[in-house]
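Visitor: Please take me through one part of this model at close range, and set it in its wider context. I would like every term to be given with its cut-offs.

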Amino acid sequence: MIWIPIDQKRDIPFIRQVYTQIRTQILHGNLLAGERLPSTRQLANELDVSRNVVLEAYEQLIAEGYIEARHGSGTFVAEGAYLEQQYHTKSDPFYERDELSNEKDLIDFRSGLPDLQFFPRKIWAKLSYDVCMNSSHTVFSYGYPEGRPELRQALVRYLVKSRGVQCQPHQLVITSGATQALTLVAKLLLKKGDQILMEDPVTRDIQTIFSTPGSILHSIPVDEHGMRTELITPDFNPKCIFVTPSHQYPLGSTLPIQRRIQLIQYARATGCYIVEDDYDSEFRYEGAPISSLQGLDTDHVIYIGSFSKILSPALRLGYLILPPHLIKECRKLKWFTDLHTPSLEQITLGCFMEEGYLERHIHKMKKIYKKRRDHLVEVMEEHFSHQVKILGHSTGLHLVAEYQHRVFTEDFVKKMRDNGIRVYPVEDHAIKKGKHQNQMILGYGHLCEEEIEEGVRRLAECLG
């Protein structure tokens with residue numbers, strides 16, 4: 001006899017319930033190979049369901065190879081359908097992060113999140129509708145790995161004007177977010193044993209991406225002026241140097257022209273590339289955005305940007321600007337990664353930019369984010385007075401709070417989470433550990449002023 005509880009209240013068809021439970025018992029070894037199953041009429045009577053329910057469930061199991069019907073003998077569990085179960089108790093940090101972000105009443109100071117309630121839905125919906133209804137049928141076919149010409153042309157015009165980038169449309173490759181752009185660069189430039197120079201601290205995900213090919217990371221410390229370029233010596237012989245010159249992540253410093261020139265001279269002398277990640281510099285609150293490093297040397301700088309911070313992470317739209325001699329190989333890598341980034345979203349974004357909506361949106365959001373940044377700085381000073389130093393607040397969607405005589409351990413971060421607040425230690429992003437234990441990252445772009453105020457109050461309570 002098979003025990004198959006049927007739940008009348010579940011929104012799952014009876015056929016699926018019967019099929020799933022028999023399948024599970026076979027996979028787990030509760031029903032053994034060669035064991036005879038009840039007849040369809042008998043099982044239907046036991047479960048108090050229509051015989052057709054059991055017939056269709058059996059037919060599906062036979063089609064998938066779990067059971068077999070023997071003429072004149074009945075239905076039996078098939079050989080080779082048992083799968084030994086493995087149980088993993090260690091949690092996945094990505095799932096943990098998602099679950100935590102959904103906790104009720106949790107104030108999450110995660111960095112890099114724009115306020116999505118201000119995403120221009122009506123404008124985007126109208127443009128998307130127009131693109132879908134009025135474009136040629138060819139846009140629904142396969143595209144090209146480098147991306148749609150409408151978006152690449154719009155991007156060139158925007159970047160030349162706003163970021164001082166020097167490029168032509170053929171130098172761009174549209175990617176599925178900055179993460180794919182970084183991954184393509186790592187595949188393009190690095191192999192096992194190659195060396196890369198990297199800012200320290202720097203995002204953990206970036207460390208993982210660039211070390212995946214088996215390359216060797218050499219950390220270069222960051223100070224209040226960005227990467228300490230004077231520590232880069234000829235004996236390193238790197239394939240590339242990774243920097244965030246306009247707004248160093250996470251400490252927020254800006255690389256001055258003298259250090260930029262040192263990097264370019266080093267790249268020219270050694271033949272290596274500079275990878276410039278320009279992740280959120282549009283939101284600069286004191287003056288215009290800092291000009292790109294790429295604009296100083298188009299042959300040795302690979303420029304990476306995305307729309308995750310300025311519009312929405314859900315769009316998954318980013319881009320690479322490449323020196324001419326890397327274009328062909330990068331397009332090839334992109335093709336074998338995912339053929340191309342979704343075309344309709346690219347065309348919609350191109351229209352959004354060409355009609356001036358992007359610049360207006362950035363202008364609007366800069367005012368909102370500046371007000372939130374100012375409020376965060378104000379309430380931090382109210383609660384902590386001279387105990388805290390604020391770093392990297394001129395640009396972007398986060399700042400760094402540096403405390404005197406504090407160490408942000410895992411246990412302390414857990415204590416804060418239990419108190420309804422989530423913060424992010426800078427030390428988590430350090431390549432060489434031990435130098436940033438008293439610093440934490442506070443993202444504010446997605447938090448309203450009331451949430452910022454309550455979050456800092458909870459933080460002060462934990463630190464009190």
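Guide: Helices (H or I, at least four residues) and strands (E, at least two) are DSSP runs, numbered from the N terminus, and two strands are said to pair if DSSP finds at least two bridges between them. The model is predicted: local features need pLDDT of at least 70 and side-chain atom pairs count only at pLDDT 80 or more, while totals for chains, interfaces and linings use all residues. Residues are numbered from 1 along each chain as its sequence is written, and side-chain values use heavy atoms, with hydrogens and water left out.

An antiparallel pair comes first. Strand S13 (residues 388-391) is joined to strand S14 (residues 398-403) by 4 bridges, and the two run antiparallel. Leu391 has Val400 in S14 as its bridge partner. The two strands form a hairpin with 6 residues between them, and in its turn Gly392 has a positive phi of about 65 degrees.

The close look now moves to helix H1 (residues 14-27). Its 14 residues should span 20 Å at 1.5 Å a residue, and the end C-alpha atoms are 20 Å apart, which agrees; the expected span is 1.5 Å times one less than the number of residues. Just after H1, Gly29 adopts a positive phi of about 85 degrees.

The buried residues of H1 (under 20% relative accessible area, 1.4 Å probe, protein chains only) are Gln17, Val18, Tyr19, Gln21, Ile22, Gln25, Ile26 and Leu27. An α-helix has 3.6 residues a turn, so residues three or four places apart point the same way. The cover over the buried residues of H1 includes helix H2 (40-47), helix H3 (51-63), strand S2 (67-70) and strand S3 (74-77), where contact means heavy atoms within 4.5 Å.

S2 and S3 also belong to a sheet. This open sheet has 3 strands in the order S1-S3-S2, with antiparallel pairing. Its edge strands are strand S1 (36-37) and S2, each pairing on one side only. S1 and S3 pair over 2 bridges in the antiparallel sense, and Leu37 has Thr75 in S3 as its bridge partner. H3 packs on this sheet and touches S1, S2 and S3. The direction of H3 makes about 105 degrees with that of S2; axes are lines fitted to C-alpha atoms, for helices over the stretch in contact, and angles run from 0 to 180 degrees between N-to-C directions.

As context, the protein chain holds 14 helices and 17 strands, and buried residues make up 50% of its 464 residues.
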